[in-house]
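Hello,

Here is the structure I promised to pass on to you. Have a look at it first, and then read on for my notes.

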Amino acid sequence: MGSIPARSGLVTAFDELPPFHPLNDDDVRSYLHKAVDFISDYYKSVESMPVLPSVKPGYLRDELGASPPVHPAPFDIAMKELRASVVPGMTHWASPNFFAFFPATNSAAAIAGDLIASAMNTVGFTWQAAPAATEMEVLALDWLAQLLRLPRSFMNRTGASRGTGGSVILGTTSEAMLVTLAAARDIAMRRSGARIPDLAVYASDQTHSTFFKACRLAGFDPANFRSIPTGPETDYGVDPVKLLAAMQADAMAGLVPTYVCATVGTTSSNAVDPIGDVAKVAAMFNVWVHVDAAYAGSACICPEFRHHLNGVERVDSISMSPHKWLLTCLDCTCLYVRDARRLSQSLETDPEYLKNDASVSGDVTDLKDMQVGVGRRFRGLKLWMVMRTYGTANLQEHIRRDVTLAKMFEDLVHADDRFEIVVPRNFALVCFKIKTTGVRAADEVNRLLMANVNKTGKAYLTHTVVGGRLVLRFAVGSSLQEERHILSAWELIRKTSSEMMN
């Protein structure tokens with residue numbers, strides 16, 4: 001074999017580069033200080049930025065280049081490009097003039113927790129892989145369960161006092177639905193001997209569209225998706241009588257009712273399904289009941305809103321997302337199940353390289369067995385930071401303040417006879433529209449009003465369809481919002497409406 005020739009003093013480009021140390025002490029301190037300064041400046045200035053950007057698709061590739069750089073550049077260059085190219089292309093969810101969708105709330109404590117978790121970069125698939133991360137998540141979830149006054153059957157247990165309940169932080173509500181659908185599917189097939197094409201699932205026509213997406217991913221036949229129609233007679237909550245009729249019809253046809261999703265605070269109208277009544281109907285057919293409280297679940301930490309969860313002791317699972325309304329940045333969806341074993345039976349994986357004494361003992365929770373993937377982030381830290389730093393009283397005050405501001409906007413709409421409230425306000429979402437004759441004309445006028453308001457950059461609203469009518473949604477809750485932002489948005493809506501009518 002030939003020998004490798006000596007380099008004979010040849011100097012390459014690689015030789016000229018300094019040693020690469022991506023976690024150099026000075027760089028970590030310098031880069032993070034600059035990042036924190038950027039974040040602080042962003043929150044100070046975001047109110048003055050247009051909420052919706054005016055960029056066109058593909059703009060960022062043109063500005064930053066289609067190919068990755070070969071040679072390094074100072075960190076300041078990246079920060080300069082961030083300010084010049086990325087920020088102007090953002091829809092500013094943090095803006096106090098953002099009233100679209102549902103809020104994506106945030107806080108200093110959550111940002112700090114997420115930053116620290118990212119720096120530690122733990123991969124907590126088993127307790128042994130990350131004991132503190134696992135126990136922090138379990139602790140934070142149990143704290144939140146107490147704020148929500150969930151039954152003890154949903155809370156985690158350890159050691160000799162371990163019960164059947166369990167919880168996990170997932171990325172989104174879609175994941176919570178998917179994993180519980182998988183568990184319900186497997187239970188129904190084991191119990192009845194049925195095949196997947198024989199299983200039926202149920203939700204109201206106000207349920208988030210992600211539910212039926214999750215049903216498809218879990219293998220359910222779209223022919224067996226049941227969307228129960230709702231109306232103003234139930235404030236767009238599901239009617240248990242109609243739900244019962246649908247399940248009875250399916251059972252008579254040889255199908256197996258398997259899963260029903262009840263919602264507390266639907267996306268379109270903030271409707272609330274009667275959890276207890278839904279659970280009673282489901283119990284007749286051994287149906288898994290899941291409660292989607294992604295948005296409005298946060299409000300239930302306040303005693304005056306807790307009644308919306310009445311009957312939760314009879315359901316199989318419930319999920320809520322602190323990243324929507326409880327000051328905890330994305331992503332943070334908390335899933336609680338009454339029997340964790342039923343979930344893990346469908347999701348667990350136990351390869352040899354993950355076996356360890358702690359897992360075998362049964363005294364610990366391995367969170368990999370309650371989610372789709374195996375690897376997972378240290379999400380529990382930011383949620384714990386929020387509760388530990390702000391305390392229950394401040395979190396409740398945050399919710400109440402937003403509800404008060406939403407009621408103020410609702411009162412302003414009521415006081416202007418050109419507008420009407422379309423559905424009762426349950427939380428901090430107001431659904432309203434301009435009064436006009438004719439459904440088609442009304443839809444066009446309200447769509448135009450929304451477009452004209454949004455293109456000013458001074459506010460951002462979205463729309464939905466409720467009862468066959470297009471309505472505008474005004475969602476209060478951005479972490480920086482104050483009364484003046486609500487008043488300013490209403491004045492913009494009134495002025496824009498007047499200009500359209502003139």
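Which element gives the largest share of the lining of the second largest cavity? That would be E4, with 3 residues. Please keep in mind as you read that this is a predicted model.

Let me stay with the cavities for a moment. The structure has 2 of them with a volume of 30 Å³ or more. The second largest cavity comes to about 30 Å³. Around that space you will find Ala-203, Ser-204, Ile-228, Val-238, Leu-243, Val-260, Cys-261, Ala-262, Asp-273 and Val-278. Strand E2, residues 199–204, and strand E4, residues 256–263, each contribute at least two residues to this lining. Sorted by class, the lining of the second largest cavity is made up of 8 nonpolar residues, 1 polar and 1 charged.

The largest cavity encloses about 40 Å³. Its lining consists of Thr-122, Gly-124, Ala-130, Ala-133, Thr-134, Glu-137, Leu-367, Arg-376, Arg-377 and Phe-378. Here the classes split into 4 nonpolar, 3 polar and 3 charged residues.

Next, the nonpolar cores. In soluble globular proteins, nonpolar side chains tend to be buried together. The largest nonpolar core in this model counts 93 residues, and Leu-144, Phe-432, Phe-474 and Ile-493 have the most contacts inside it. Helix H14, which spans residues 380–415, provides the largest share of this core, 11 residues. If you would like a place to start looking, try Ile-493: setting aside neighbours within four places in sequence, Ile-493 is in contact with Phe-409, Phe-419, Phe-432, Leu-449, Val-453, Leu-461 and Phe-474. There is also a second, separate core of 33 residues, with Val-168, Val-201, Val-256 and Val-337 among its members.

Strand E2 comes up again with Leu-199, which belongs to that strand. Is Leu-199 buried or exposed? Leu-199 is buried, with a relative accessible area of 0%. Apart from neighbours within four places in sequence, the residues in contact with Leu-199 are Arg-185, Ala-188, Met-189, Ala-194, Phe-220, Asn-224, Val-256 and Thr-258. One of these, Val-256, is also part of the second core. Between the C-alpha atoms of Leu-199 and Pro-351, which are 152 residues apart along the chain, the separation is 31 Å.

Helix H12 is worth a look too. It covers residues 340–347, and Ala-340, Leu-343, Ser-344 and Leu-347 are buried in it. Looking down the axis of H12, these buried residues fall within an arc of 95°, so they line one face of the helix. Among the elements that cover them are strand E1 (166–170), helix H7 (173–192) and strand E7 (333–337).

Then there is Ser-298, in the loop between strand E5 (288–292) and strand E6 (317–320). Ser-298 has 0% relative accessibility and counts as buried. Leaving out neighbours within four places in sequence, Ser-298 is in contact with Met-320, Ser-321, Pro-322, Trp-325, Leu-326 and Ile-399.

For a contrast with the buried residues, turn to Ala-251 in helix H9, residues 240–252. Ala-251 is partly exposed, at a relative accessible area of 35%. The C-alpha atoms of Ala-251 and His-398 are separated by 46 Å, with the two positions 147 residues apart along the chain.

Finally, a few points about the backbone:

- The peptide bond from Leu-330 to Asp-331 is cis, with omega near -5°. Asp-331 sits in the loop between helix H11 (322–325) and E7.
- Phe-101 is not a glycine, yet it has a positive phi of about 50°. Phe-101 lies in the loop between helix H4 (75–86) and helix H5 (108–120), and it is partly exposed, with a relative accessible area of 36%.
- Asn-121, a residue other than glycine, also has a positive phi, near 55°. Asn-121 belongs to the loop between H5 and helix H6 (131–147), and it is exposed, with a relative accessible area of 59%.

Happy exploring, and do write back if you would like to talk any of this through.

Best wishes

Conventions. Residues numbered from 1 in each chain as written. Predicted model: local features only at pLDDT ≥ 70, side-chain atom pairs only at ≥ 80, totals over all residues. Heavy atoms only, no water. 1 Å grid on protein atoms, 1.4 Å probe; cavity = no way out; pocket = protein on both sides within 12 Å on 5 of 7 lines; lining within 4 Å. Points joined across faces, edges and corners; volume = space filled by probe spheres on them. Nonpolar A, V, L, I, M, F, W, Y, C, P; charged D, E, K, R; others polar. Helix = DSSP H or I, 4+ residues; strand = E, 2+ residues; numbered from the N terminus. Core = buried A, V, L, I, M, F, W, Y, C linked by side-chain atoms within 4.5 Å. Buried < 20%, exposed > 50% of the residue type's maximum accessible area, 1.4 Å probe, protein only. Contact = heavy atoms within 4.5 Å. Arc of directions from axis to C-beta.
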